[in-house]
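User: Could you take a close look at one part of this model for me, the loop that holds the residues with unusual backbone angles, and then walk outward from there to the packing around it? I work on the computational side, so plain numbers are welcome.

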Amino acid sequence: QILYLKPPWTLASLLQCYKKHWVAVFGHIVPRSLLATVEYLYKHLCTAQAVDSSTAGMLLQESKNLLHAFSSRSDYNGVLPRAYAEVSKLHQTLTEVRGASLSEDTMVLSENAVCEKMEAVTPNLQSFCEEKKLHSNIHMAQENRHQEIWSVLEGVWNTINLYSVEIFQKLDPSTVAVTSKSSFEEAFLGLQKLIAAVNDILEGIRR
């Protein structure tokens, strides 16, 4: 009867409704911390920006988390299990594709080993092999380092976002639900630890 956007819904309008009515409705059905999941899905699925395979994996996992949370309420006439199965199948396919990509990287390493054997037989190929091996190693090291840094920063951001939502909801006087004090203290202590972690990361970036 009172709805932010009327049906029929697109994915974007549906996620907007989730966000708009989260405190009053959806936060009482599923864990309130899942608002961070809804915002993450909206940010990446409802904009024109491209999504890499790592982000796609995260989106599928977050979608599974959201569907699983709502499954505790109802199976919605069988629609939810089917949706969960399709998302799980997509997630598995993506994992297999990324696994095949890692196999290709292993082939590149094997190619370097071949170069090393050829160096012993043909000295003229030594400089070529060294140059190719160095370029490949540098490229792989940069890719791994970039993924590692991105993963750390993304993990910190998601945790800060989750705790911040939890804390602000508890500080909001309009919030109807009453939660335990221990949960609030846990979230606050978690933020304190994260501040220290972020400062360490910032110092590392400056160095």
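**A loop and its surroundings**

Analyst: Happy to. N77 lies in the loop between α3 and α4, and please keep in mind that this is a predicted model. The phi of N77 is positive, about 60°, although N77 is not a glycine. With a relative accessibility of 76%, N77 counts as exposed, because the cut-off for that class is over 50%.

Y76 is found in that loop between α3 and α4 too. Y76 is likewise not a glycine, yet has a positive phi of about 50°. Its accessibility puts Y76 in another class: at 31%, Y76 counts as partly exposed.

There is one further backbone feature to flag. The peptide bond from P7 to P8 is cis, with omega near 5°. P8 sits in the segment before α1.

Now let's step back to the chain that carries this loop. Its secondary structure comes to 6 helices and 0 strands, so from the N terminus on the elements run α-α-α-α-α-α, counting helices as DSSP runs. Of the 207 residues, 25% count as buried. Among contacts in the chain with a separation of 6 or more, 51% are between residues 24 or more positions apart.

On one side of the loop is α3, and that helix takes part in the packing. The largest nonpolar core has 16 residues, and those with the most contacts inside it are Y18, W22, V30, L34, V38, L66 and F70. Helices α1, α2 and α3 each supply at least two residues of this core. As a general background, nonpolar side chains tend to be buried together in soluble globular proteins.

L66 is a good place to zoom in. Leaving aside neighbours within four places in sequence, L66 is in contact with L34, T37, V38 and L41. One of these partners, T37, lies in helix α2. T37 counts as buried because its relative accessibility is 7%, and the cut-off for buried is under 20%. With the same sequence neighbours left out, T37 is in contact with E62 and L66.

A second, separate core of 5 residues includes V156, A187, L191 and L194.

L66 also turns up at a pocket. The second largest pocket is lined by 16 residues, of which L14, Y18, L66, L67 and F70 lie nearest its centre. The elements that give two or more residues to this lining are α1 (11-20), α2 (35-45), α3 (53-71) and α4 (79-121), so both helices that flank our loop are on that list. The pocket has a volume of about 400 Å³. Its lining divides into 15 nonpolar residues, 1 polar and no charged. Y18, L66 and F70 are thus named for the core and for the pocket centre.

Finally, a word on cysteines. A search of the whole structure finds 0 disulfides. C17 counts as buried at 5% relative accessibility, whereas C46 is partly exposed, with a relative accessible area of 24%.

To pull the thread together: the loop holds Y76 and N77, each with a positive phi, and α3 and α4 both contribute to the lining of the second largest pocket.

Conventions: Residues numbered from 1 in each chain as written. Predicted model: local features only at pLDDT ≥ 70, side-chain atom pairs only at ≥ 80, totals over all residues. Heavy atoms only, no water. Disulfide = S-S within 2.5 Å. Buried < 20%, exposed > 50% of the residue type's maximum accessible area, 1.4 Å probe, protein only. 1 Å grid on protein atoms, 1.4 Å probe; cavity = no way out; pocket = protein on both sides within 12 Å on 5 of 7 lines; lining within 4 Å. Points joined across faces, edges and corners; volume = space filled by probe spheres on them. Helix = DSSP H or I, 4+ residues; strand = E, 2+ residues; numbered from the N terminus. Nonpolar A, V, L, I, M, F, W, Y, C, P; charged D, E, K, R; others polar. Core = buried A, V, L, I, M, F, W, Y, C linked by side-chain atoms within 4.5 Å. Contact = heavy atoms within 4.5 Å.
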